[in-house]
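I opened the notebook for this entry with a short list of things to look up. The ligand site comes before the cores and a few single residues.

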Amino acid sequence: MGTDIIAKLKQHGAVPGRVWLQDAVTYVDLLADTGRVANALADLGLAKGDRLLLQVEKCEAVLTIYLACLRLGVVFLPVNPGYTVPETAHFLTDASPALAVTDPARVAGLAALGARVMALPDLLALAGEQAASFADPSHGPDDLAAVLYTSGTTGRSKGVMLSRENLASNAETLVALWRFTAGDVLLHVLPVFHTHGLFVATNCVLWAGASMIFQRSFSPGQVLEALPRASVLMGVPTFYTRLLADPRLDRSATTHIRLFISGSAPLSPATHAEWRDRTGHAILERYGMTETNMITSNPYDGDRRAGTVGMPLPGVEVRVTAGDGTVLPQGEAGAIEVRGPNVFHGYWKLPEKTAEEFRNGWFITGDMGAFDPDGYLSILGRGKDLVITGGLNVYPAEVEAALDDLPGVAESAVIGVPHPDFGEAVVACVVGRIDPEAVRLALRDRLAAFKIPKRVLVLDALPRNAMGKVQKAELRKAHAGMFTG
Ligand code: AMP
């Protein structure tokens, strides 16, 4: 491995005055704070390879603890603070962390599950008594850095084992591609228990020695207030649609920003176009997942194509196959597979599941997609979301794009619902002011008959998780009996 994340921390930590968090923390402070937390964790008996579970509301200390774990070689295991105590039980039994750190209100609940628990303020108080200097043990590129659990909308959530090299190689690549420098100020409004806010955002900033405006949650008003002091915003598509709904968003509000990035869920071409009209900026869409870090990105220079996720990152190989490993000709839709230093080392304690999802060193992402003649990849949805109706494949993303183009449609999600004749029927869930029959008619000009939804449902909102991903399993469940009774 070339450089490790911690080597970068030490490099920037030697530059007096270099800012990590705007108005609050320099890299000199960060290096010292991570040293104190690493010493505190060592005092508590944690050692290389042990897991530390962290379940707290978003705060600056999450980043300090993450980096302290990297320094010590302790495996960092962040958990969504939105999970209830019973939901968190799975992570405790599965990963058997040596220590769980949580907000004071949750300590008793987690302790009742048999975990060794500490309240975040107590850990920080203990760290405050420690020396700032810490003698880092040596680490190898394949050493485990973190276990992140998948959001697990179907079945049990799986622990994704990420190595130091997985994180470092992706950070190095993205910093070069997206032109991060020490002069950048990233507006951080993403959650920090997920790969997007934790690794993509934080590691890019750290690698470049750049700084952040760190906000506890996303609110359009606060984002608009901070944009004039920031140079990069990373978001999920719902951030962009919510900002567009605010009349204060215009060109003057975004003149200081050099780059808007979107990922974690599909950004609709309509949102891409509206953003460009209102602000003059073309949002750069990229694609990745917890298991692989980032995989593709639209170009920094050159055409950022709406509805595509761009090209494979340098050093990352991407192919589209028939599902049996045969590579498909360009333009044909199939299973997206990935290989490279970004790809995880397997699912925690699930060697068989891991073996199922790899073929000859290629990770089968579970996403369907196709390359266009210029090498841009389009995501056509999760393989399990593919609708097979009357024996014909319908890719939800294609129908959703056609729906989103229609007047009155704010957003849409297309699902397959059991049907006595067709096996599955295409059903559209639409948010907006529309007449379902008029929508079906309008689609006739755009889509083959078998792709046109048999039913169009009008909903107040689509169910989404914290990363803005539409929860299609929930929609399928809610509407499962509509044709079969
Ligand atoms: P997660 O592991 O929670 O980050 O989820 C990864 C999944 O999010 C991928 O497998 C894709 O299905 C989806 N995803 C991420 N980025 C995009 C994107 N730009 N467009 C469409 N889907 C995306």
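How far does a polar side-chain atom of His194 lie from an oxygen atom of the ligand? I read off 2.9 Å for that pair. I keep in mind that this is a predicted model.

**Ligand site**

I went on to the other polar pairs. Thr290 places a polar side-chain atom 2.7 Å from a ligand oxygen. For Arg382, an N or O atom of the side chain is 3.0 Å from an oxygen atom of the ligand. I then looked up the cover: the ligand taken alone exposes 490 Å², and the protein buries 90% of that.

I listed the shell next. It holds 15 residues, and the closest are Glu285, Arg286, Thr290, Asp367 and Lys469. Sorted by class, the shell has 5 nonpolar, 5 polar and 5 charged residues. Which strand gives the most to this shell? I found strand β13, residues 284-289, with 5 residues.

**Cores**

I turned to the nonpolar residues. The largest nonpolar core has 113 residues, and Trp20, Leu41, Leu52, Phe76 and Trp178 touch the most other members. Helix α3 (residues 60-72) supplies the largest share of this core, 10 residues. Another core lies apart from it, with 17 residues, including Val387, Val426, Val430 and Leu443. I noted the general rule beside this: in soluble globular proteins, nonpolar side chains tend to be buried together.

I picked Trp20 for a contact list, leaving out neighbours within four places in sequence. Its contacts include Val25, Thr26, Tyr27, Leu30 and Leu63. Further along the chain I noted Thr202, Val205, Leu206, Ala210, Ser211 and Met212 as contacts of Trp20.

**Helix α10**

Is helix α10 mostly covered or mostly uncovered? I found it mostly covered, with 6 of the 8 residues in 237-244 buried. The buried ones are Pro237, Thr238, Phe239, Tyr240, Leu243 and Leu244. I checked what covers them and wrote down α9 (220-226), β11 (232-235), β12 (259-262) and α11 (269-279) among the elements involved.

**Positive phi**

I looked up two residues other than glycine with positive phi. Asp23 has phi near 65° and sits in the loop between β1 (19-21) and β2 (25-26). Asp23 counts as exposed because its relative accessible area is 77%, and the cut-off for exposed is over 50%.

Arg179 has a positive phi of about 60°. I placed Arg179 in the loop between α7 (164-177) and β9 (185-188). Why is Arg179 classed as partly exposed? Its relative accessibility is 40%, and partly exposed covers the range between under 20% and over 50%.

**Two further residues**

I checked Arg319, which belongs to strand β16 (residues 317-321). Is Arg319 buried or exposed? I found Arg319 buried, because its relative accessible area is 15%. Leaving aside neighbours within four places in sequence, I listed Gly325, Val327, Ala335, Ile336, Glu337 and Trp362 as the contacts of Arg319.

Last I looked up Asp445, in the loop between α14 (436-443) and β25 (455-459). Asp445 counts as exposed because its relative accessibility is 74%. I also took the C-alpha separation between Asp445 and Leu377: 25 Å, with their positions 68 residues apart along the chain.

How values were computed: Residues numbered from 1 in each chain as written. Predicted model: local features only at pLDDT ≥ 70, side-chain atom pairs only at ≥ 80, totals over all residues. Heavy atoms only, no water. Core = buried A, V, L, I, M, F, W, Y, C linked by side-chain atoms within 4.5 Å. Buried < 20%, exposed > 50% of the residue type's maximum accessible area, 1.4 Å probe, protein only. Helix = DSSP H or I, 4+ residues; strand = E, 2+ residues; numbered from the N terminus. Contact = heavy atoms within 4.5 Å. Near = heavy atom within 4 Å. Polar contact = N/O pair within 3.5 Å; in protein donor to acceptor, adjacent residues only side chain to side chain. Areas by Shrake-Rupley, 256 points an atom, 1.4 Å probe, with all protein chains shown as cover. Nonpolar A, V, L, I, M, F, W, Y, C, P; charged D, E, K, R; others polar.
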